[in-house]
Amino acid sequence: MMKRLLIALGVIFGSVMCGGQSSAVVEAGLLPGVEQAGKPPPFGLPFTEPSGPSTWYVVQMYGNTFGAYYWRATTYRAGQGLHFGIDLSAPCGTPVVAIGDGVVSKVDATYHGSLPHNLMIDHPQAGYASFYGHLLKRSELEVGQQVRQGQVIGYSGDPDETCRSRPHLHLEIRDLSYARAYNPVLLIDADWDSLSLISPFGRGFARDVSEPRRWQFIDDQPETQFGGPLLNDYLTPWPPDWPDWRR
């Protein structure tokens with residue numbers, strides 16, 4: 001325990017001093033997946049503008065968020081009760097770019113949700129697919145079309161189609177079968193410490209009182225197996241559950 005605490009303190013210090021993830025993160029294996037393999041994250045951000053109040057910012061992280069927990073039996077049931085993507089607030093019409101090289105596999109696949117418009121891009125070289133939801137209009141790209149990282153693939157919209165209520169981009173990273181979703185924080189090369197600081201999301205994760213340290217950080221959230229059992233149907237949650245939630 002003491003060794004892990006010292007490593008974590010080193011990570012925080014290195015991140016503050018270097019302005020990003022320190023080498024201790026990789027060496028200690030604190031981030032699973034790509035970092036453990038000694039490779040940098042394969043993807044970039046879906047916007048070209050820097051994050052800020054007038055451009056874009058994180059409003060909901062991936063994982064066991066408060067919102068996903070409260071709606072775990074309905075909206076997020078298919079994703080094991082987790083928010084299986086990341087939500088980035090942005091004004092309607094903000095250009096959205098491909099996070100990596102790939103090929104368009106789906107356009108406006110309504111069964112994936114994230115209406116009114118969405119797009120799926122396969123990245124076979126990386127072994128993942130990226131999904132862009134709540135787009136303003138149908139993408140002009142066609143299934144089978146090649147795209148390059150940084151290429152504009154659509155424009156951010158609003159799920160309520162007002163461009164006033166909650167305009168944002170919903171971004172997911174899945175496997176190539178689309179059956180699993182992964183934490184974008186671990187797969188997108190970005191300064192997530194800084195993005196978290198300017199985000200209103202804060203420490204917005206639901207807590208199981210019987211295991212209070214589990215899934216409390218942006219980089220330790222579980223993978224999503226679509227159609228799998230609920231992961232967060234807690235008997236003793238914090239904050240307390242809504243009354244009569246369990247039927």
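Two strands count as paired if DSSP finds at least two bridges between them. The model on screen is predicted, and the tour starts with one such pairing.

Select strand 4, residues 102-107. Strand 4 is mostly covered, with 5 of its 6 residues buried. Now add strand 7, residues 146-147. The two strands run antiparallel and are joined by 2 bridges. Pick valine 103 and look across to strand 7, where glutamine 146 is its bridge partner.

Next, show strand 5, residues 117-123. Strand 5 also pairs with strand 4 in the antiparallel sense, here over 4 bridges. Valine 107 has leucine 119 of strand 5 as its bridge partner.

Keep Leu119 selected and move to the interior. The largest nonpolar core has 34 residues, and Leu119 is among those that touch the most other members, together with Met61, Tyr132, Ile153 and Trp192. At least two residues of this core come from each of strand 2 (86-89), strand 4, strand 5, strand 6 (128-135), strand 9 (168-175), helix 4 (184-187) and helix 5 (192-197).

Centre on methionine 61. Which residues is methionine 61 in contact with, leaving aside neighbours within four places in sequence? They are His83, Gly85, Ile86, Val185, Trp192, Ser196, Phe201, Phe205 and Ile218.

Finish at the surface with Leu136, Val152 and Tyr155, which make a nonpolar patch of about 230 Å². Tyrosine 155 lies in strand 8, residues 152-155. Its relative accessibility is 32%, so tyrosine 155 counts as partly exposed; that class lies between buried, under 20%, and exposed, over 50%.

Key
Residues are numbered from 1 along each chain as its sequence is written. This is a predicted model: local features need pLDDT of at least 70, side-chain atom pairs count only at pLDDT 80 or more; totals for chains, interfaces and linings use all residues. Side-chain values use heavy atoms; hydrogens and water are left out. Patches are made of residues with over 30% relative accessible area and no salt bridge: like charges are joined within 9 Å, nonpolar side chains (Val, Leu, Ile, Met, Phe, Trp, Tyr) within 5 Å. Accessible areas come from the Shrake-Rupley method with a 1.4 Å probe; for residues, only the protein chains shown count as cover. A salt bridge is a side-chain nitrogen of Lys or Arg within 4 Å of a carboxyl oxygen of Asp or Glu. Buried means under 20% relative accessible area, exposed over 50%, partly exposed in between (1.4 Å probe, protein chains only). A nonpolar core is a set of buried Ala, Val, Leu, Ile, Met, Phe, Trp, Tyr and Cys residues joined through side-chain atoms within 4.5 Å. Contact means heavy atoms within 4.5 Å.
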